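Reader: I would like a close look at one part of this protein, the way its helices pack against one another, with enough of the surroundings to place what I see. Please take me through it slowly and in connected prose.

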Amino acid sequence: MDEKGLFKLGFSHTQFMNKVCVVGLGYVGLPTALAFAGAGLKTVGVDVRSDVVDKVNQGVGHLDEPGIAEAVSRSVKSGMLRATTDIEGAIADSESVIVSVQTPYENGQANLSYVKEACGQVGRSLRRGSLLVVESTVPPGTCRNVLLPTVESGGRREGVDFFFAYCPERIAPGNSLSEFKSNDRILGADSPESMRRARELMALTVSGRLVETGILNAETSKLVENTARDVYIAFANDLAKICSRLGVDVREVIRLANTHPRVKILDPGPGVGGPCLPKDPFLLLSSLGGEPRSNGDMIRTARKVNDSMPGEVFGLVRGIGTLRPGDKVAVLGTSYKPGVGDPRASPSEKVVRLLLGAGYDVHSFDPYCREGFGAKVDASLESAIDGAKCAVFLVAHSAFRSVELRKMADALAEKGAVVDAVGLFTGSPPGQREVMLIRLGDGRRPVGRPSARPRGGEGRPQRGN
Ligand code: SAJ
């Protein structure tokens, strides 16, 4: 049905935009629903988890992020947002449906079951003339080859009974609400009418640019963005390994190289975590099918480099000559990146497991995150490091930036060591007791006690008093 036909049925533009259904109320779906509710659209969020639905309806929300609780409370109170587990009813009652569910990479392939299930429901329940927008990250070709046929299996036809667009999310967990609104978005649609409707809908919530293209381009560019970041970080991590052998400090080398107008190297660290970057390169490659394995070599290598970093950090700890099984080791930072409490795919998990496997008494502390991955979770930095032989900093939370090495020396056990994987400590201020500082990617000549030099692994100790 074309637009004129729809008008004959009594629809107007604004009526199209009145009621929005967001399928999936997770890290992306909830901010999406809040953005539409905040823009004055009657929004219903759907989730299979009744605890998530209850929390939203209670005006609380289940995401621990700046502004989320306030926005949920405001939107529910004003009647603009409600949540339900009744997906059929919610879709049937809406003019636009946004699918925002997870697409994990499992057992060597993309798990599309959640997004297919959602699209199947849309196909069975959607009103004639509705707009469907998929936000989930998917392998290139998925919308046309998998999702649209799934919707159409419900008897509706694209361009006749419903319109379709792909608008991948770009929000960074920790800053979702503001990024949803202000980021430029890629908007993919394969017909002018679908594009027009999707543009109108998304423009209600997005103040950044809507960059228009076809669906396949949009699917591919989403994955390329995250893959690019993974590759850039892998370069920094590779440099960390190289610099530790060259006898230079990788962070100083990067600082110098970045003064060049066309060089912008990222930060090395204990690896790449989170819900997206570790899997999206594989989603990108998964659509190659029978293509020669050499395609995507650099991407696969980057993944390997980033995945090797928890082992590098473990090597630094193992290299401390004075450390014995049973000794207390404090892991500081368990979330996947600074400033968030999200532990998903955190590199800290692998480091903790390696330390536990080596027989250390592993304690953890994170100001945002209660996950310990099997370590004993301490309530404060002080109790985590008290009497520890080694403190390993894995996340550059701002709270850790004010930690003084001198005070660490006093709290740690005699001849204690600090392993800094994230560039928190640069100097060695004077203090009462000696502490060995081992920095990832810092290969400068050791000045610490010879007996305390790392036996293997990367980097060498420096003495901080
Ligand atoms: N990291 C480094 N060095 C750096 C920067 C990051 O080791 O210089 C590590 C972080 O510590 C973390 C991981 O990389 O473990 C990922 O963090 P991130 O900040 O790069 O990205 P995410 O996963 O929080 O969000 C990304 C974003 N994508 C890009 O920046 C291209 C976000 O915009 C996407 O919306 C999100 O993935 C997603 O959901 O796809």
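Author:
**Helix packing in its setting**

In this predicted model, 54% of the 465 residues of the chain count as buried. The chain has 18 helices and 17 strands, and among its contacts between residues at least 6 apart in sequence, 70% join residues at least 24 apart. With that setting in mind, the helix pairs can be taken in turn, beginning with H3.

Helix H3 covers residues 29–38, and because 9 of its 10 residues are buried, it is largely enclosed by the rest of the structure. The buried residues of H3 are Gly29, Leu30, Pro31, Thr32, Ala33, Leu34, Ala35, Phe36 and Ala37. After H3 comes Gly40, which has a positive phi near 90°.

One partner of this enclosed helix is H5, residues 68–77, and the two pack at an angle of about 50° with their axes 10 Å apart. An angle of about 50° falls outside the ranges that count as roughly parallel (under 35 degrees) and roughly perpendicular (65 to 115), and H3 and H5 are therefore oblique to each other. The crossing in which H3 passes H5 is left-handed. On the H3 side the contact is made by Leu30, Pro31, Leu34 and Ala37, and on the H5 side by Ile68, Ala71, Val72 and Ser75. Sorted by class, this contact of H3 with H5 has 7 nonpolar residues, 1 polar residue and no charged ones. The H3 residues Leu30, Pro31, Leu34 and Ala37 that take part in the contact also appear among the buried residues of that helix. As background to the spacing of such contact residues, an α-helix has 3.6 residues a turn, so residues three or four places apart point the same way.

The next helix to follow is H11, which spans residues 215–246 and packs with H12, residues 250–257, at an angle of about 125°, their axes being 9 Å apart. H11 and H12 are therefore oblique to each other, since an angle of about 125° lies between the range for roughly perpendicular, 65 to 115 degrees, and the range for roughly antiparallel, over 145. Their crossing is right-handed. H11 brings Ala236, Leu239, Ala240 and Cys243 to the contact, while H12 brings Val250, Val253 and Ile254. The residues of this contact of H11 with H12 divide into 7 nonpolar, no polar and no charged.

H11 also packs with H14, residues 297–318, at an angle of about 50°, and here the axes are 8 Å apart. That angle makes H11 oblique to H14, and the crossing of H11 and H14 is left-handed. From H11 the contact takes in Thr227, Asp230, Val231, Ile233, Ala234, Asn237, Asp238 and Lys241, and from H14 it takes in Met298, Ile299, Ala302, Arg303, Val305, Asn306, Ser308, Met309 and Glu312. By class, the residues of the contact of H11 with H14 divide into 8 nonpolar, 4 polar and 5 charged. Set side by side, the two contacts of H11 read as follows: with H12 there are no charged residues, whereas with H14 there are 5.

A few positions away from these helix pairs complete the picture. Cysteines come first: the structure holds 0 disulfides. Cys21 counts as buried because its relative accessibility is 0%, and Cys167 likewise counts as buried at 0% relative accessibility.

Two loop residues deserve a careful look at the backbone. Asn107 lies in the loop between strand E5 (105–106) and strand E6 (109–110), and its phi is near 50°, a positive value in a residue other than glycine. With a relative accessible area of 79%, Asn107 is exposed. Ala345 sits in the loop between strand E11 (328–332) and helix H15 (347–357), and phi of Ala345 is near 50°, again a positive value in a residue other than glycine. Ala345 is partly exposed, its relative accessible area being 42%.

Finally, Asp410 lies in helix H18, residues 405–411, and is partly exposed, with a relative accessible area of 35%. Asp410 and Ile385 stand 25 residues apart in sequence, and their C-alpha atoms are 9.9 Å apart in space.

Key
Residues numbered from 1 in each chain as written. Predicted model: local features only at pLDDT ≥ 70, side-chain atom pairs only at ≥ 80, totals over all residues. Heavy atoms only, no water. Disulfide = S-S within 2.5 Å. Buried < 20%, exposed > 50% of the residue type's maximum accessible area, 1.4 Å probe, protein only. Axes fitted to C-alpha atoms, helices over the stretch in contact; angles between N-to-C directions. Helix = DSSP H or I, 4+ residues; strand = E, 2+ residues; numbered from the N terminus. Left-handed = near helix turned anticlockwise from the far one by under 90°. Contact = heavy atoms within 4.5 Å. Nonpolar A, V, L, I, M, F, W, Y, C, P; charged D, E, K, R; others polar.
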